[in-house]
Amino acid sequence: MKNLIAILFVGLISIGSYAQEKVAKIEFKTDIIDYGTIEKGSNGIRVFEFTNTGNAPLIISSVKSTCGCTVPKKPEGPIMPGKTGEIEVKYDTNRVNPIRKTITVISNAETPTVALKIKGLVIDPNKTSVLEKKEKSMIEQ
């Protein structure tokens, strides 16, 4: 009887080790993209690259931005284990302002919600800043 119980116990443990849950894992190369200082109207497209480091297909269900000036584009199909994918982000560079935006990625990964960030500064080279020093003073003019 003891042998039977021991065999059943070992059998249950070995079945449990084979029944490991398959899960997708998303790992980004970087979670922040710095545009730096760019001119108004320049290319606002940047790409977040990621890898599925899990053992199940990764499905990105939603990619949203905090503002209408930033348009993210998610991959269409599932990303298989070990494969890479991209989330393209397009910022409207016709808006002259600092860039501080968050892109939220929702997927079936072990960590289902990931926050990505973009930052930078869009300047208009045709306009001078009020902080820049004038070449001539008011008296000299």
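Residues are classed here as buried under 20% relative accessible area, as exposed over 50%, and as partly exposed in between. The structure under discussion is a predicted model. With these cut-offs, Glu49 counts as partly exposed because its relative accessibility is 33%. Glu49 lies in strand S3, and its side chain takes part in a salt bridge with Lys29, in which the closest N and O atoms are 2.8 Å apart. Lys29, by contrast, is located in the loop between S1 and S2 and counts as exposed, since its relative accessibility is 68%. The two partners are 20 residues apart, and the pair thereby links distant parts of the chain.

In total, the structure holds two salt bridges. Besides the pair of Lys29 and Glu49, a salt bridge is formed by the side chains of Asp92 and Arg95, with an N to O distance of 3.3 Å. Asp92 has a relative accessible area of 29% and is therefore partly exposed. Arg95 is likewise assigned to the partly exposed class, because its relative accessibility is 39%.

Strand S3, which carries Glu49, belongs to an open sheet of four strands. The strand order in this sheet is S1-S3-S6-S5, and the pairing is antiparallel. Strand S1 (26–28) and strand S5 (70–73) form the edges, each pairing on one side only. On average, neighbouring strands of this sheet are turned by 30 degrees against each other, direction ignored. Within the sheet, strand S3 comprises residues 45–52 and strand S6 comprises residues 84–91; seven bridges connect them in the antiparallel sense. In this pairing, Phe50 is placed opposite Gly85 in S6.

A further open sheet is also made up of four strands, here in the order S2-S8-S7-S4 with mixed pairing. Its edge strands are S2 and strand S4 (60–65), and each of these pairs on one side only. The twist from one strand to the next averages 20 degrees. Strand S2 and strand S8 (residues 113–123) run parallel and are joined by six bridges. At this junction, Ile32 faces Lys117 in S8, the two residues standing opposite each other.

A search of the whole structure yields two aromatic pairs. In one of them, the ring centres of Phe28 and Phe50 are 5.5 Å apart and the planes meet at 55 degrees, so the pair is classed as tilted. Phe28 is part of strand S1 and Phe50 is part of strand S3; the residues are 22 positions apart, and the pair links distant parts of the chain. Both Phe28 and Phe50 are buried. Tyr35 and Tyr91 form an edge-to-face pair, with 6.3 Å centre to centre and 65 degrees between the planes. Because Tyr35 lies in strand S2 (residues 32–39) and Tyr91 in strand S6, this pair ties together parts that are 56 residues apart in sequence. Tyr35 has a relative accessible area of 6% and is thus buried. Tyr91 also counts as buried, because its relative accessibility is 4%.

Val105 is found in strand S7, which spans residues 98–107. With a relative accessible area of 1%, Val105 is buried. When neighbours within four places in sequence are left aside, Val105 is in contact with Phe28, Ile60, Ser62, Val63, Ile87, Pro112, Thr113, Val114 and Leu116. This set includes Phe28, the residue whose ring pairs with that of Phe50. Val105 and Pro72 are separated by 33 residues in sequence, and their C-alpha atoms are 9.6 Å apart in space.

The cysteines were also examined. A disulfide is a covalent bond between the sulfur atoms of two cysteines. With a cut-off of 2.5 Å between cysteine sulfur atoms, the count of disulfides in the model is zero. Cys67 is partly exposed, because its relative accessibility is 23%, whereas Cys69 counts as buried, because its relative accessibility is 4%.

Key:
Residues are numbered from 1 along each chain as its sequence is written. This is a predicted model: local features need pLDDT of at least 70, side-chain atom pairs count only at pLDDT 80 or more; totals for chains, interfaces and linings use all residues. Side-chain values use heavy atoms; hydrogens and water are left out. Two strands pair if DSSP finds at least two bridges between them. Axes are lines fitted to C-alpha atoms, for helices over the stretch in contact, and angles run from 0 to 180 degrees between N-to-C directions. Buried means under 20% relative accessible area, exposed over 50%, partly exposed in between (1.4 Å probe, protein chains only). Contact means heavy atoms within 4.5 Å. Rings of Phe, Tyr and Trp (its six-membered ring) pair if their centres lie within 6.5 Å; planes under 30 degrees apart count as stacked, over 60 as edge-to-face and the rest as tilted. A salt bridge is a side-chain nitrogen of Lys or Arg within 4 Å of a carboxyl oxygen of Asp or Glu.
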